[in-house]
Amino acid sequence: MHSSIVLIIWLPLARSFSARATVGVHRAVCTTRGTTASSTISAVPAVAAAPLAILKEAAATRSVGDEKVVGALLDLEKAMRGAAKDDPAISLNTLEALDGAWRLVFTTGTVDTQKRIGKISYFPIKAVQSFDTQTMAISNGIFLGDVALLKFFGDFDWDEKKRRLNFDFDAIAILGLRLDLPKGGAAKIGASTGLGSENNVQLTKQEKRPFFNWISADESVATARGGGGGLALWRRVESESA
């Protein structure tokens, strides 16, 4: 899922909270820090229990077959789409549950990536992204052990109706050396290296941002479909170095 999945990671969310929103887009969220994501488990309703159980096993063991993981992601996406229509609170619960650090476990890759190198399935290296729903800040990196080889920094907003996270990066750190990026710079890097999608470049030209359509998030796993059409699974970690 490299239009948004790999771009957001390689180079590239409130028990009670108030949000400054414009047409349903949340740009800042105040949440009580120190709370646990288990308090927001309602973000994933009971109807999604079966596929979610498969995905939790995959995140914990990395031993579930690729096709079974993809099937569970598709089933969960369908279940969550219906549940979110019936319960609008699921969107903001998902945003709340995303607060913290997440390690990429599994990704199908975008359509473009699949044409180049095939489906990726279990992600072979340590890639961690973090969301701060107080400041709406996002950071994403590739790690060798506890050392961030490459890390991107930016901000995001949340489209409540679509459960869509729009993001962009304005800085990059290479082995700790931080540099500012021009507008659209991360998208161009991703497209030129094959780590991202040309679609993200086109979005920035249209004054739009790359995005994820989030499927679910709870105390242990998160799932989403990127702008390039790929699916991904993450597991929660205590910190980027975990």
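Which residue forms a salt bridge with E77? The legends below take up this pair, and then move on through other parts of this predicted model.

**View 1. E77 and R81 form a salt bridge within helix α3.** The partner of E77 is R81, and the closest N and O atoms of the two are 3.9 Å apart. Both residues belong to helix α3, which covers residues 66-86. They sit four residues apart, about one turn of the helix. Their surroundings are worth a look too: E77 is buried, with a relative accessible area of 12%, whereas R81 is partly exposed at 41%. In total, the model has seven salt bridges.

**View 2. K56 and D218 meet in a salt bridge.** Here the closest N and O atoms are 3.0 Å apart. This pair links distant parts of the chain, with the two positions 162 residues apart in numbering. K56 comes from helix α2 (residues 49-61), while D218 lies in the loop between β10 (211-217) and β11 (221-226). K56 counts as partly exposed because its relative accessibility is 26%. D218, with a relative accessible area of 1%, is buried.

**View 3. R209 and D157 are joined by a salt bridge.** The N to O distance in this pair is 3.2 Å. Again the contact links distant parts of the chain, 52 residues apart: R209 is in the loop between α7 (198-205) and β10, and D157 is in strand β7 (residues 147-159). D157 is buried, its relative accessible area being 6%. Elsewhere, salt bridges with shared partners tie K56, D218 and E219 into one network.

**View 4. Strand β3 pairs with β5, β12 and β4.** Is strand β3, residues 100-107, largely enclosed or largely open? Six of its eight residues are buried, so the rest of the structure largely encloses this strand. β3 runs antiparallel to β5 (residues 126-132), and four bridges join the two. One place to look is W102, whose bridge partner in β5 is Q129. Six bridges connect β3 with β12 (residues 231-237), also in an antiparallel arrangement; here L104 stands opposite W234. Two bridges join β3 to β4 (residues 121-122), and these strands are antiparallel as well. In that pairing, F106 faces Y122. When following the side chains, keep in mind that in a regular strand they alternate between the two faces of the sheet.

**View 5. Nonpolar residues gather in two separate cores.** The largest nonpolar core has 29 residues. Those touching the most other members are L98, F131, F156, W158, L165, W214 and W234. W234 may be familiar from the previous view, as the residue opposite L104. A second core, separate from the largest one, holds 24 residues, among them L52, A58, V64 and L73. As general background, nonpolar side chains in soluble globular proteins tend to be buried together.

**View 6. Five nonpolar residues make a patch on the surface.** L144, V147, L149, I174 and L175 form this patch, which has an area of about 490 Å². L175 is found in the loop between β8 (164-174) and β9 (177-180). Why does L175 count as exposed? Its relative accessible area is 63%, and the cut-off for an exposed residue is over 50%.

Notes
Residues numbered from 1 in each chain as written. Predicted model: local features only at pLDDT ≥ 70, side-chain atom pairs only at ≥ 80, totals over all residues. Heavy atoms only, no water. Salt bridge = Lys/Arg side-chain N within 4 Å of Asp/Glu carboxyl O. Buried < 20%, exposed > 50% of the residue type's maximum accessible area, 1.4 Å probe, protein only. Patch = residues over 30% accessible without salt bridge, like charges linked within 9 Å, V, L, I, M, F, W, Y side chains within 5 Å. Areas by Shrake-Rupley, 256 points an atom, 1.4 Å probe, with all protein chains shown as cover. Pairing = 2+ DSSP bridges. Core = buried A, V, L, I, M, F, W, Y, C linked by side-chain atoms within 4.5 Å.
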